[in-house]
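These are my notebook entries on a structure I opened today. I wanted to look up how its chains meet and how some of its helices and strands are arranged.

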Amino acid sequence: MPRSEPERVSRLRGWSRLPERSRGDCANGRNALWAELRALPLSLTVGGLLVGILVSVALLSLVWTPHDPIAVSVGERLLPPGTDGYLLGTDRLGRDVLSQIMAGARNSLRVGVVSTVAALIPGVAVGLAAAGSGPFWQSALSRITDVGVALPGIVIALVLATVMGPGTTTVIVAIVIGFLPIVARVTIGPAKQILARDYVEAAFAYGRTRPYVLVRHVLPNIGPFIIVQASVMVAVAILIEAALSYLGVGAQIRTSSWGRSLNEAQPLIDVAPLLMVFPGAAIMLAVLGFNLLGDGLRTILDPQQQRVEVPRA
Amino acid sequence: MLLQIRDLCVSAGPHEIVAIEGLDLPAGRRLGLVGESGSGKTMTAMSIAGLQPPSIRVTGSIRLDGDELVGLSDNRLARIRGSEVGVVFQDPLRALNPTMRIGRQVSEALRIHSDLSRAEVRRRVLEVLLQVQLPQPEQILRRYPHQLSGGQRQRVLIATAIACRPKLLIADEPTTALDVTVQKGILELLVRLSDEEGMALLFVSHDLGVVRAVTEHIAVMYAGQLVETGPANDVIERPHHRYTEALVAANPGQIGGNAGALVGKRLRAIDGTVPAVGHYPSGCRFRGRCPHATDCCAEDPEVVRVGLERHHKCKHPAHTLLGQVDDGAR
Amino acid sequence: MTALVEARGLRFAYGGRTNWRRRPTDEWALRDIELSIARGSALGIVGESGSGKSTLVRVLCGLLPARGGSVAFDGRDLGDWLRTAPRTFRRQNQLVFQNPASSLDPRMRMRQSLAEPTRALERRPVPIEEMVGWLAAVGLGSEVLSRYPHQLSGGQLQRVALARALSVRPEVLYADEPTSSVDVSVQAQILNLLMDLRARFDLTLVMVSHNLVVVGRVCEHIVVMRDGQIVEQGATVDVFDEPRSTYTAELIAAAESVAVRPGT
């Protein structure tokens with residue numbers, strides 16, 4: 001029990017206070033914007049840029065292309081890139097390559113987005129319903145998706161082409177059929193995770209029904225996951241469309257398609273090798289763009305990797 | 001003096017998270033670092049072990065057995081971490097690799113930091129599993145984490161941390177996720193290990209009672225600063241700093257004795273909340289919540305030494321002046 | 001006092017409906033539960049992990065179905081309530097969870113989360129003034145309404161969770177480890193709040209906790225559980241002073257060894 005008066009120790013060597021960075025340091029708004037952009041993950045910016053370019057080109061092609069992409073001009077066949085008026089040259093029928101690439105962007109984007117959305121809506125719905133049901137339905141769904149995933153997509157597409165005739169619509173249907181079981185199965189995992197959360201249990205405790213909970217609590221919380229999936233699915237769809245068009249069951253003669261351009265350029269590889277490069281590069285950049293975008297979105301939307309808060313001590 | 005901390009400052013960007021003027025831990029002794037969330041205790045412990053996140057900056061001096069730790073390269077820190085400093089975390093399930101057998105995980109530090117042969121490593125692993133009182137260690141070696149109970153997993157973590165006979169064991173809330181009866185065993189184990197091996201223990205926790213059961217001295221942190229140090233029982237029975245006093249008073253209490261009189265009675269809560277990083281008030285950081293604060297508390301309080309072993313930073317301390325309750329009227 | 005909640009021979013096991021009849025006894029999560037909760041009382045359910053305390057609470061408030069025995073609320077069988085008047089039952093039995101951050105939808109603002117029970121159980125929208133009133137009762141200001149869970153502290157979130165639970169004026173409030181994930185000083189605030197709210201709204205309080213000391217402060221009655229069974233029950237003071245089971249004595253000893261007297 002200390003009975004003595006407290007001794008005052010001379011103030012210990014103080015540490016220097018850190019200089020406060022006032023908000024006014026980021027003087028003009030442009031610096032702030034640049035800083036924000038640099039803070040984003042690289043995959044997101046690059047992916048976003050590539051996708052942005054793709055979308056712009058596709059939109060532009062709706063109103064303008066240097067030449068009519070399907071206009072045949074036999075007298076100007078196989079012109080090399082850089083020829084006056086034909087920036088990327090012409091193909092074996094005299095069609096402008098650049099215009100075809102631009103129109104092809106429109107086609108790829110259309111197929112990619114439409115098939116993704118058309119697969120996501122029912123796929124997610126089925127996945128959610130299964131996650132919210134008992135083990136019986138979940139097993140049933142798993143068995144069905146196992147079968148679905150096992151079916152070779154290309155074969156389905158070819159069969160469909162025989163039944164429905166070739167064309168972009170066929171391609172979209174084939175892709176959707178291929179995607180559906182995968183989307184459903186992949187949704188179940190995150191949906192079940194959310195269903196196990198306390199706030200879902202709380203919602204049941206105050207009387208919400210299962211469908212309500214699935215739509216209003218589970219769906220928004222698996223939203224980021226779905227967005228990331230969607231981005232990757234578009235990339236895959238573009239690739240599949242290119243492959244099917246290459247095989248001849250995709251876009252037909254009046255629709256420009258990168259895949260078909262590749263096919264047409266193949267026999268001319270000795271004569272005009274660059275004819276393969278342009279559509280090939282376009283496919284690659286589009287697919288890369290969507291993949292990177294998905295990756296970048298996953299990084300920023302992942303709640304674990306929120307902007308670094310000062311950690312709770 | 002095994003561990004000597006001087007002028008430690010841990011910061012994230014422009015925001016100071018922890019500022020400790022001085023803290024000592026002699027070899028073989030046990031020190032408790034007590035604080036609530038936002039006190040900076042975990043950040044302090046992590047900084048000592050060199051495990052702070054990359055965006056965090058550490059300045060000042062942390063000397064382990066005379067060697068300076070601040071500013072060391074990652075490699076050197078990693079070497080020290082395995083062999084001289086052991087760390088036990090809160091959640092054993094997350095700290096153990098679920099796909100690795102127990103034997104391999106425990107031996108990892110040994111394989112990296114020592115040149116023992118495989119047989120010697122295995123022998124040491126069995127030895128250390130026995131030391132932490134795990135039954136049938138030969139069987140445990142081959143199991144996976146999910147096959148053990150929570151208490152057993154924590155013992156495995158402790159075994160991993162002491163395998164290389166470190167001089168210092170840092171334990172951050174090691175029993176918070178465990179049942180109270182299991183916790184008792186782990187705390188007793190830590191005390192025994194510290195005594196047997198002459199190993200110093202830095203025990204970080206938010207729970208005063210748990211810390212008192214394990215350590216001899218405690219240091220109380222609030223909003224990144226050390227506000228009081230001293231022998232554990234002494235600090236709890238006769239706290240000087242008003243925050244420590246309030247913290248003790250907010251406890252729900254004991255079971256025995258006249259516990260019946262307390263049923264239904266309100267607890268003595270502390271008004272307000274802990275200031276967030278970057279929003280620390282000037283002067284004493286507790287003054288916004290302290291019923292004894294006056295204007296002079298707006299100036300930075302100095303460290304006051306009471307007797308031989310107590311320090312605090314309060315201008316209106318309790319329980320000083322002839323050992324009587326001091327209501328701060330000065 | 002009439003018993004508000006009564007459980008007789010209650011049993012529960014996880015798993016599908018198909019094979020619970022043939023379940024060996026050690027797989028029951030709850031076994032032979034005999035329990036009586038008087039209106040207006042405060043009951044603490046203590047036990048270690050795996051004791052079944054959280055499961056018991058969920059069965060009592062109708063989130064999990066009993067698989068044997070019976071549960072009666074206000075004289076009527078629980079199954080009956082859920083079939084014929086589920087909304088009334090749920091209005092009168094509300095639950096707050098251990099981790100307040102996870103009991104609120106991270107994508108909903110507080111004003112949406114707060115309104116949920118009323119919208120679900122009373123089928124009406126909630127005017128802002130009413131919500132402000134609820135928040136005031138738990139010591140929070142109206143600025144909280146526009147926030148998301150990640151913008152509030154643990155203590156604030158637990159208060160919102162309490163406000164949400166009490167917004168439909170339940171008879172019984174079940175609190176599952178309400179202060180296990182907060183610090184001692186915040187715990188003191190939450191416990192005081194619970195006691196105030198219980199007095200103010202005439203609640204029957206059922207609190208689950210692994211912390212005997214906390215239960216000892218708030219609840220006049222206590223139930224000790226282990227491995228799905230009730231080991232001991234009675235008035236808190238009696239059980240603490242003279243525990244009849246060695247397990248209870250063990251728990252008390254362990255809690256005592258790390259308890260801190262609030263001091264002078």
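**Entry: where chains B and C meet**

I began with the contacts between two of the chains, and found that 35 residues of chain B are in contact with 36 residues of chain C. Looking at which elements of chain B supply two or more residues to the side that touches chain C, I noted H8, helix H9 (208-214) and helix H11 (242-249). H9(B) gives the most to that side, with 4 residues. I then sorted the side of chain B that touches chain C by class, and it has 18 nonpolar, 11 polar and 6 charged residues.

**Entry: confidence**

I have to keep in mind that this is a predicted model. The predictor gives the complex an ipTM of 0.83 and a pTM of 0.80. For chain C, I wrote down an average pLDDT of 88, with 94% of the residues scoring at least 70.

**Entry: the sheet of chain C**

I followed the strands of chain C next, and found an open sheet of 4 strands in the order E2-E1-E4-E5, with antiparallel pairing. Its edge strands are E2 (30-38) and E5 (76-77) of chain C, each of which pairs on one side only. I looked more closely at strand E1 (residues 3-12) and strand E4 (residues 68-73) of chain C, which run antiparallel and are joined by 5 bridges. To have one pair to inspect, I picked Ala7(C), whose bridge partner in E4(C) is Val71(C). I also asked which strands helix H1 (residues 53-60) of chain C lies across. H1(C) lies across E1, E2 and E4 of chain C, and runs at about 120° to E1(C).

**Entry: two helices of chain B**

I returned to H8 of chain B, which I had already met on the side that touches chain C, and looked up how it packs within its own chain. The axes of helix H7 (residues 150-162) and helix H8 (residues 180-197) of chain B come within 10 Å and cross at roughly 15°. Since angles under 35 degrees count as roughly parallel, H7(B) and H8(B) are therefore roughly parallel to each other. Their crossing is right-handed.

I then went through the residues that meet: from H7(B) they include Gly150(B), Gly151(B) and Ile158(B), and from H8(B) they include Gly185(B), Ile186(B) and Leu189(B). Also in this contact are Arg155(B) of H7(B) and Glu197(B) of H8(B). By class, the residues of the contact of H7(B) with H8(B) divide into 6 nonpolar, 4 polar and 2 charged.

Methods
Residues are numbered from 1 along each chain as its sequence is written. Chains are lettered from A and ligands numbered from 1 in the order in which they are written. This is a predicted model: local features need pLDDT of at least 70, side-chain atom pairs count only at pLDDT 80 or more; totals for chains, interfaces and linings use all residues. pLDDT is the predictor's confidence in each residue, from 0 to 100. Two strands pair if DSSP finds at least two bridges between them. Two residues are in contact if their C-beta atoms, placed from the backbone, lie within 7 Å. Axes are lines fitted to C-alpha atoms, for helices over the stretch in contact, and angles run from 0 to 180 degrees between N-to-C directions. Angles under 35 degrees count as roughly parallel, over 145 as roughly antiparallel, 65 to 115 as roughly perpendicular and the rest as oblique. A crossing is left-handed if the near helix is turned anticlockwise from the far one by less than a right angle, and right-handed if clockwise. Ala, Val, Leu, Ile, Met, Phe, Trp, Tyr, Cys and Pro count as nonpolar, Asp, Glu, Lys and Arg as charged, and the others, Gly among them, as polar.
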